[in-house]
Amino acid sequence: MVRPPDTRQPDDTGCTILHADMDAFYACVATRDRPDLAGLPVVVGGGQRGVVLSASYEARSFGVGSGMSMTRARRLCPQAVVVRPEFEQLSAVSAAVMETFRSATSVVEPLSMDEAFLDVAGSLRRFGSPVAVARYLRERIADEQRIPCSVGVAPTAQLAKLASRRAKPDGLVVVPRHTVTAFLHPLAVDELWGVGEKTAEQLHRLGLRTVGDLAHTPVATLRRALGESLGSRLHAMAWGYDDRPVTPRRGPDEPEHSIGSDETFGHDVDDPEVVCRELLGLSTKVAARMRAAGVAGRTVTVKVRFADFTTITRSRTLREATNLTPEVYATAVDLFTRLGLQRARLRLVGVRVEGLVDAATAPRQLMLGARDHGWEDAERAVDKAVERFGGSTVRPATLISTGRP
DNA sequence: TCTGGGGTCCTAGGACCC
DNA sequence: TCTGGGGTCCTAGGACCC
């Protein structure tokens, strides 16, 4: 369970893992070129039914936090400046930050746009210590990107993650091996990575509030209450055991497992025609993303969220993997139609394709040949046009007519 | 206070095969 | 005739993360 003994010499803290995490990333990027917003409560988000994606520390002092509905955020902090996210800018900053990480070690695992695990065991000769790597990264990102980055340094990924949270804002926290249990055991159970609202509730019902409580509960009890996997994992975590390696993220050799898209309507919808039009748009987007990634998938899943927020899914596994809009769309519409909804009010619909494999090696049924190749050519043409002219300006008119009456 | 959009992983039941 | 497990695939739902 403990990390295997390392032949390279870690320093005496036993720390080889860093977790680097940008503070209030979206908000910081949005305001770094806007001195007029300095010191003001800034909230990134928006939309008719949007949520807060990121809030500046000034906004947080009013109780605003990410994930919260914008309506509530505005109520808590009416003077907040609301900024729409600029995803292209954010992606560019994120890519630059990840490059900076890779300048310190090749073992970088991005977890999202604004955070990554780094295994620095191989960089110690160059930098001297893990803390030196952390300082180097924080300085470079502050210099080059003018945004703060907090770093946790610890013997395991989970601990490094907890440490970086403790380091915020704009700090550095080290958890040497001999202090692990002293660091962990006073924490509340819901601070652990993987313990959300529901699991925390369950643990509370068992009378477990701190990580120390968790550590001193028989693992069999935890497994019974939380399931085999989570029970074992939490018990191990509570003792700082974590064999999770830092794995440089998927390359072309390891495609993603699923690609999907969903959309919340501005207002609830009960018109099947509107829903099908949305399913077409989503299928078009998902199929295009699959082709761009060079993957195809066999299982198509439709998600429907009703006005009362209850959510259901329906899926079908096709005989061959596809990345063609008409196939994805036809499956999605059929799954939706079979629900037999009588003008139920819907809040959201989604389309996702799972079981992705490399499109080049995915078996295709040759019998379908002529027709499918026609579609493939058409789709390729659309992909090219979109590449050249951008965005949603191009969409084959034929697709529009494949919708059900 | 009414709750986005992108994902991942786990569980559980049933079908089917050996 | 009745009773077995184990493994894999499929489907649906749910928890969690940022």
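Strands β2 and β3 form a hairpin with six residues between them; strands here are DSSP runs of E with at least two residues, helices are runs of H or I with at least four, and both are numbered from the N terminus. In the turn, G46 has a positive phi of about 135°. The model is a predicted one, in which local features need pLDDT of at least 70 and side-chain atom pairs count only at pLDDT 80 or more, while totals for chains, interfaces and linings use all residues. Residues are numbered from 1 along each chain as its sequence is written, and chains are lettered from A and ligands numbered from 1 in the order in which they are written.

The two hairpin strands pair in the antiparallel sense over three bridges, two strands being paired if DSSP finds at least two bridges between them. Within this pairing, G45 stands opposite V52 in β3. Strand β2 (residues 42-45) also runs parallel to β4, to which three bridges join it. Here V42 has V81 as its bridge partner, and V43 stands opposite V82. The result is an open sheet of three strands in the order β3-β2-β4, with mixed pairing. Its edge strands, β3 (52-55) and β4 (81-83), each pair on one side only. The twist averages 30° from one strand to the next, with axes fitted as lines to C-alpha atoms (for helices over the stretch in contact) and angles running from 0 to 180 degrees between N-to-C directions. In a regular strand the side chains alternate between the two faces of the sheet. In β2, V42 and V44 point one way and V43 and G45 the other, and all are buried, that is, 20 or more other C-beta atoms, placed from the backbone, lie within 10 Å of their own (exposed: 12 or fewer; partly exposed: in between).

A second open sheet has five strands in the order β5-β6-β1-β7-β8, again with mixed pairing. Because β5 and β8 (172-174) stand at the edges with a single partner strand each, one side of each is left without a neighbour in the sheet. Neighbouring strands are turned by 15° against each other on average, direction ignored. Strands β1 (residues 17-22) and β7 (residues 149-154) run antiparallel and are joined by six bridges, with I17 opposite A154. Helix α4 (residues 87-102) lies across β1, β5 and β6 (115-119), at about 155° to β5. Helix α6 (residues 130-145) lies across β1, β7 and β8, at about 170° to β7.

The largest nonpolar core has 55 residues, of which L18, L118 and A163 touch the most other members. Such a core is a set of buried Ala, Val, Leu, Ile, Met, Phe, Trp, Tyr and Cys residues joined through C-beta atoms within 7 Å. Apart from it lies another core, of 27 residues, including L280 and V302.

Around DNA strand B there are 22 residues, the closest being G227, S229, H257, T264 and F309; a residue is near a molecule or strand if its C-beta atom, placed from the backbone, lies within 6 Å of it. β9 gives the most to this surface, with seven residues. Around DNA strand C there are 18 residues, and S112, G196, K198, T199 and T317 come nearest. Two or more residues each come from β5 (108-112), α9 (197-205) and β11 (311-322). The largest share near DNA strand C is that of β11, with six residues.

Notes: Contact = placed C-beta atoms within 7 Å.
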